[in-house]
Structure formats: C-alpha cells, structure tokens
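Here are my notes on the structure you passed along. Have it open while you read, since the points go residue by residue.

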2 protein chains.
Amino acid sequence: MVDASEIVSAFETAGYRLTGPRRALAVLIAAQGRHFTADDLLGESRRRRLGVTRATIFRSLDVLADLGVVERLDLPSGEHAFVACEPAHHHHVVCSSCGRTTGVADPGIERIAAAIGRETGYRIDAHRLELFGLCPACRKQN
Amino acid sequence: MVDASEIVSAFETAGYRLTGPRRALAVLIAAQGRHFTADDLLGESRRRRLGVTRATIFRSLDVLADLGVVERLDLPSGEHAFVACEPAHHHHVVCSSCGRTTGVADPGIERIAAAIGRETGYRIDAHRLELFGLCPACRKQN
DNA sequence: ATTTTTGCAAACCTTTTGCATGGAA
DNA sequence: TTCCATGCAAAAGGTTTGCAAAAAT
C-alpha cells in the first residue's frame, strides 16, 4: 500500500512544485486499492469537490509514471490503467474480478529475458510482465 | 513469417466468409515484417487503392485476434499495435528501433506464474510478457 | 519577479456503432 | 434467398494542447 505522503515527496524530490491539485491527487491515488484510470480520478475529484481537472490529472499521471510512483497497466481489455506502486515491485498481479493489484518483486524474469536475448539475438532492454487472475478474496466468492 | 494464405484459411476454417476485403487484409498483414496499427493498414489500403475501410479493418483485426492469427501488442508508448504470429509462439520480442518482432515459445514463464500464484494467493489465469530491445540488425547500426 | 502549474475549451486520435447496401454461401 | 460483411458517416471515448490566469518559489 502506498502512502499519499510518499507521492507528495516524489514530486518534491524531483523538483516539481507542491500544488493543491498534486496533493489532492496524491491522496486520491493512495486511496485506490486497485488499478484506476484517469477517468476514475476525475470522477473522484468531482464527487469530492476537489476541483482537479482532466488536464491536470493526465499531466500528473504522466509525471508520476516517469518518477516510477505509478505504473501504466494495459488491461486485457485494452484499457489503459494505472497502479500506485512501491519502486521495489517490478510487476503486478491483477485481479480480473475486483481489480485489486499486488506488486511482486522480480521473480526470475531477468534470467528468462537473458535466455531469450541469447536465442533471438536481440539486446533486451526492457520487459513487461503482467499477470491476471483471481485474488484470494474473489476466489472465495466463487 | 506468416503467409497470407494462412490468414485466409483461418477466416475460412472458423466459418467466416471469404470476402475481398478480408483477402486484401491478409496480404497486407502478411507483408508486415513488424508490428502495425489499424491505421497503418488503412494507410496501405489507401495507397494501394484496395478500398478497405477503417471499420472493416478494425472488425477484421478483432476477428483475427480472437482466432490467434494476430496478437495485440501494447507498446511502451501506450500505442496499441498488432503482430501476425504463429500460434505456437506465445510472446514477442519487439525491436524498439525498427519495430520488427520475433515470436518466442514460452520459455518457462509458466513456472514463474505458478510461483507468483503461490506467493500471492492469486489464481493466475493469464499472463502477458513483452520484451523490448534492439534486434540484431539495429544493434549493428549503432 | 519569475517560472511553473492550472483550468478551460477546443482539438485530436483512435475505436465503435447504426444502418442501408452489396456480396458470399 | 438468406445472412453476413462492408461502406459510410456519425458518435463515442480517451488524451493532448494552446493560452491566459493563478499559484508556487
């Protein structure tokens, strides 16, 4: 679980100004226990009368993704979503029922990436691993 | 490399009608040695006066993705692209310079997915692995 | 005082949809 | 002759942008 203050600090440390909208977004993002879209944040901002607008949300998510505070997620549906994440967790398991995500430390993909590099002749620079399934809570309900 | 006739057969086998636009798209897709977007195909269709329109392209790509003839790819940029693929290859290495893709057989992700399932308590149903880097040809040029 | 950030609204781009026409089986 | 597929054009989403005003340093 990521704390709002960590997100605020990330802005600060990177030399961005600490503004009202950014603080508000930090709180909103930290409150999400699941993946979320820009539109989700916009809805929350309106419901809670925070006055953070669409453009600011996109711009902030962009910055936060650069800083590694949130990670872009491509859901199987093709939707673009985000998750707040600890920098130590490089991959995410996504519950296809409730949307909850759990970060996992790199579990040995490096080795596989290296093997694929050797096999294909590519110089592998980056990889993306996303896992989808049912979280413990949703398993019980079925 | 995927042959146009394989794509045509895939339509046929699955019970879809063999139409002019679908044959034309099969040729266009087979000619791509790299990932491509719906818009790429539309451009090609116009340049070559094939008369295949946007809606048909999206509808066909949808079908072909279902049939496993093409695979949806989410590029690091967030763009949605496609690659033609052999059904046996479950993952793709994407060259970030020229866009070429190479399919690779599943190299042991199953085991990792199982380990992550055990660790997190999720029941893992699906995973996506995409690798990005420089292909052999592009490596030489740098 | 200076520079960044924001809001607003419009623009943009990609993808989807409804419906009448045309074509495959 | 029956259904499926296509073209067209419009709609629907999602994301970006220009610019003037507001806020942070």
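What follows is a handful of points on the DNA contacts, one helix and a pair of loop residues.

1. Before anything else, keep in mind that this is a predicted model. Every distance and angle below is computed from it.

2. Start with DNA strand D. It has 17 residues around it, and the closest ones come from both chains: A:Arg17 on one side of the list, then B:Thr19, B:Arg22, B:Gly51 and B:Thr56. By class, the residues of this surface split into six nonpolar, five polar and six charged.

3. Which part of the strand does the protein touch, backbone or bases? Counting atoms of DNA strand D within 4 Å of the protein, 64% are sugar or phosphate, and the rest belong to bases.

4. Three individual contacts are worth a look in the viewer. The side chain of A:Arg17 puts an N or O atom 2.8 Å from a base nitrogen of DNA strand D. With A:Leu18 the partner is a phosphate oxygen, 3.2 Å from a polar backbone atom of that residue. In chain B, a polar side-chain atom of B:Thr53 sits 3.0 Å from a phosphate oxygen of the strand. As for secondary structure, the elements giving two or more residues to the surface near DNA strand D are α4 (54–67) of chain A plus α2 (20–31) and α4 (54–67) of chain B. The largest share, four residues, is from α4(A).

5. Now helix α1 of chain A, residues 4–13. Its buried residues are A:Ala4, A:Ile7, A:Val8, A:Ala10 and A:Phe11. These lie on the same side of α1(A), because the arc they cover around the axis is only 155°. That fits the usual helix arithmetic: with 3.6 residues a turn, residues three or four places apart point the same way. And what covers this buried set? Among the elements doing so are α2 (20–31) and α4 of chain A. After α1(A) comes A:Gly15, with a positive phi near 90°.

6. If you run a backbone check, look at A:Arg49, a residue other than glycine with a positive phi, near 50°. A:Arg49 is in the loop between α3 (38–47) and α4 of chain A. Its relative accessibility is 73%, so A:Arg49 counts as exposed.

7. Chain B has an entry for that check too. B:Arg49 is not a glycine, yet its phi is positive, about 50°. You will find B:Arg49 in the loop between α3 (38–47) and α4 of chain B. Is B:Arg49 buried or exposed? Exposed, because its relative accessible area is 74%, and the cut-off is over 50%.

Notes. Residues numbered from 1 in each chain as written. Chains lettered and ligands numbered in written order. Predicted model: local features only at pLDDT ≥ 70, side-chain atom pairs only at ≥ 80, totals over all residues. Heavy atoms only, no water. Near = heavy atom within 4 Å. Polar contact = N/O pair within 3.5 Å; in protein donor to acceptor, adjacent residues only side chain to side chain. Nonpolar A, V, L, I, M, F, W, Y, C, P; charged D, E, K, R; others polar. Buried < 20%, exposed > 50% of the residue type's maximum accessible area, 1.4 Å probe, protein only. Arc of directions from axis to C-beta. Contact = heavy atoms within 4.5 Å.
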